[in-house]
Amino acid sequence: MTVLDTRALNRATLARQHLLTRSAVSAFEAVDHLCGLQAQEPQEPFTGLWSRLADFKPTQLDDALTGRTVVRTHLMRRTVHLVTADDALAWRARHDTMLRQRVLGTYRRELAGLDLDEVAAAGRAIMADRRPRTMSELVQALEDRWPGPPRRVLGELLVAALIPMAQLPPRGLWHHKAGVRNLPLATWLEREIAPLPADDGDPVGQQLLRRYLAAYGPAAGADLRAWCGLAGLPAAIKAAREELVVFRDERGRELLDLPDAPRPHPDTPAPVRFLPAFDNAILGYHDRSRIIDAPHLGLSVAGHRTVLVDGRVTATWTVRDHRLRISPLRPLTAPEQEAVRAEAQDLSTFLDEDIEHVRLDTAD
């Protein structure tokens with residue numbers, strides 16, 4: 001069985017994530033291919049798409065959000081994602097149990113004794129008037145019936161788990177700072193959420209598996225689970241296994257992949273790329289060693305924006321006081337510094353935040 005070393009896995013990830021060369025596809029097509037973009041920080045997906053797409057304009061994503069072909073919703077790992085409308089409707093039912101379990105796991109004591117189905121039915125009844133509401137407004141309409149849980153906890157239960165919600169524009173539009181207004185997905189998209197098919201082979205899980213491998217493979221089953229948050233995917237993997245190819249990583253883990261997916265040569269040059277907070281290319285795996293070194297793993301969950309140099313997380317970056325500041329995690333060679341500065345200048349222009357200076361710090 002072929003063994004793929006860390007560098008080979010890195011180049012495969014960069015290729016699948018449109019980070020090896022910028023792609024000519026549309027913003028919608030990129031969101032579709034990537035199985036969504038993590039988006040709890042509303043402006044971050046714009047940087048993620050700029051780093052992946054040739055000639056990306058923020059209006060492309062704005063138009064997809066206002067045109068309802070892309071939607072903001074709680075999905076993978078109970079985090080807010082930008083996903084296509086089709087994927088939101090096709091995948092939401094498969095995530096229902098996980099979403100409930102994650103809220104209950106976080107607030108088990110506060111939610112003890114609640115009949116979740118009763119709370120969900122009451123919330124849907126309130127939202128049936130098709131009026132967008134903030135989480136606070138929804139909770140206010142229900143708190144007399146359930147005065148026990150803290151308002152924030154009851155709100156998270158309703159909007160992140162019990163009722164499939166869309167976060168409406170202008171939330172998530174370019175350079176907007178609008179608060180969250182919620183509307184049921186089916187109401188916003190004017191289509192019903194697909195029910196789970198009664199099939200032992202988990203057809204929705206199989207679709208998730210294939211789509212995940214197209215954008216993240218080769219990957220282990222644990223990587224797939226870490227990406228989507230779903231535990232019950234063994235049936236999907238078993239049903240799809242015959243159509244997949246199998247590799248091993250240097251630690252002996254089994255890696256699955258689509259037969260014709262790109263796996264570039266490990267020596268393929270990788271350009272500098274600036275990634276947003278919580279980027280897919282880092283958070284899409286249980287084992288993130290293909291793209292980030294162990295001492296820096298904390299950066300991937302702490303909301304730090306990162307810089308890829310030779311395909312690996314090598315610096316962090318911030319914008320503050322009209323300055324784009326880059327803080328390397330290791331010493332950079334002169335050619336690397338030049339490439340980082342050039343990409344940073346292009347990013348400064350794109351961000352359109354009156355950035356007057358790019359500062360590249362010296363690594364400790």
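Here are some notes on the predicted model above, taken region by region.

1. Let's start with the five-stranded sheet. Its order is β9-β10-β11-β12-β13, the sheet is open, and the pairing is mixed. The edge positions go to β9 (273–275) and β13 (357–360); each has a single partner strand, so one side of each is left without a neighbour in the sheet. On average, neighbouring strands here are turned by 25 degrees against each other, direction ignored.

2. Moving inward, β10 (residues 305–309) and β11 (residues 312–320) run antiparallel and are joined by five bridges. If you want a register marker, use V307, whose bridge partner in β11 is A315. The two strands form a hairpin with two residues between them, and D310 in that turn has a positive phi of about 55 degrees.

3. What happens at the other end of β11? Here β11 is joined to β12 (residues 323–328) by six bridges, and these strands run antiparallel. Two pairs fix the register for you: V319 has L324 of β12 as its bridge partner, and R320 has R323 of β12. This hairpin has two residues between the strands, and D321 takes a positive phi near 55 degrees. So when you check the backbone of the turns, look at D310 in the β10 and β11 hairpin and at D321 in the β11 and β12 hairpin.

4. Next, the helix on this sheet. Helix α14 (residues 334–351) lies across β9, β10, β11, β12 and β13, and runs at about 150 degrees to β13.

5. P271 is worth a click while you are in this area. The residue sits in the loop between β8 and β9 and counts as partly exposed, with 28% relative accessibility. Leaving aside residues up to four places away in sequence, P271 touches L19, L20 and L308. P271 and E343 are 72 residues apart in sequence, yet their C-alpha atoms are 9.2 Å apart in space.

6. The other sheet to look at has three strands, in the order β1-β7-β8; it is open and its pairing is mixed. At its edges stand β1 (3–4) and β8 (254–257), each with a single partner strand, so one side of each has no neighbour in the sheet. Between β1 and β7 (residues 245–249) the pairing is parallel, over two bridges. In that pairing, L4 stands opposite D249 of β7.

7. Now the helices, beginning with α7 (residues 135–142). Its buried residues include M135, L138, V139 and L142. Looking down the axis of α7, the buried residues fall within an arc of 95 degrees, so they line one face of the helix. The spacing fits the usual rule: an α-helix has 3.6 residues a turn, so residues three or four places apart point the same way. Among the elements covering the buried residues of α7 are α6 (116–127), α8 (151–162), β5 (165–167) and β6 (182–184).

8. How do α6 and α8 pack against each other? They meet at an angle of about 80 degrees, with their axes 11 Å apart. That makes α6 roughly perpendicular to α8. On the α6 side the contact uses L116, V119, A120, G123 and R124, and on the α8 side L154, L157, L158 and L162. Sorted by class, the contact has seven nonpolar residues, one polar and one charged.

9. Q167 is the residue to inspect in strand β5. Buried or exposed? Q167 is buried, with a relative accessible area of 8%. Setting aside residues up to four places away in sequence, Q167 touches R72, H74, V80, V180, R181 and N182.

10. Last, helix α11 (residues 221–228), where G221, D223, L224, W227 and C228 are buried. They cover an arc of only 160 degrees around the axis, which puts them on the same side of α11. Packed against the buried residues of α11 are α5 (85–106), α10 (203–216) and α12 (234–240). Just after α11 comes G229, with a positive phi of about 85 degrees.

Key. Residues are numbered from 1 along each chain as its sequence is written. This is a predicted model: local features need pLDDT of at least 70, side-chain atom pairs count only at pLDDT 80 or more; totals for chains, interfaces and linings use all residues. Side-chain values use heavy atoms; hydrogens and water are left out. Buried means under 20% relative accessible area, exposed over 50%, partly exposed in between (1.4 Å probe, protein chains only). Helices (H or I, at least four residues) and strands (E, at least two) are DSSP runs, numbered from the N terminus. The arc is that of the directions from the helix axis to the C-beta atoms. Contact means heavy atoms within 4.5 Å. Two strands pair if DSSP finds at least two bridges between them. Axes are lines fitted to C-alpha atoms, for helices over the stretch in contact, and angles run from 0 to 180 degrees between N-to-C directions. Angles under 35 degrees count as roughly parallel, over 145 as roughly antiparallel, 65 to 115 as roughly perpendicular and the rest as oblique. Ala, Val, Leu, Ile, Met, Phe, Trp, Tyr, Cys and Pro count as nonpolar, Asp, Glu, Lys and Arg as charged, and the others, Gly among them, as polar.
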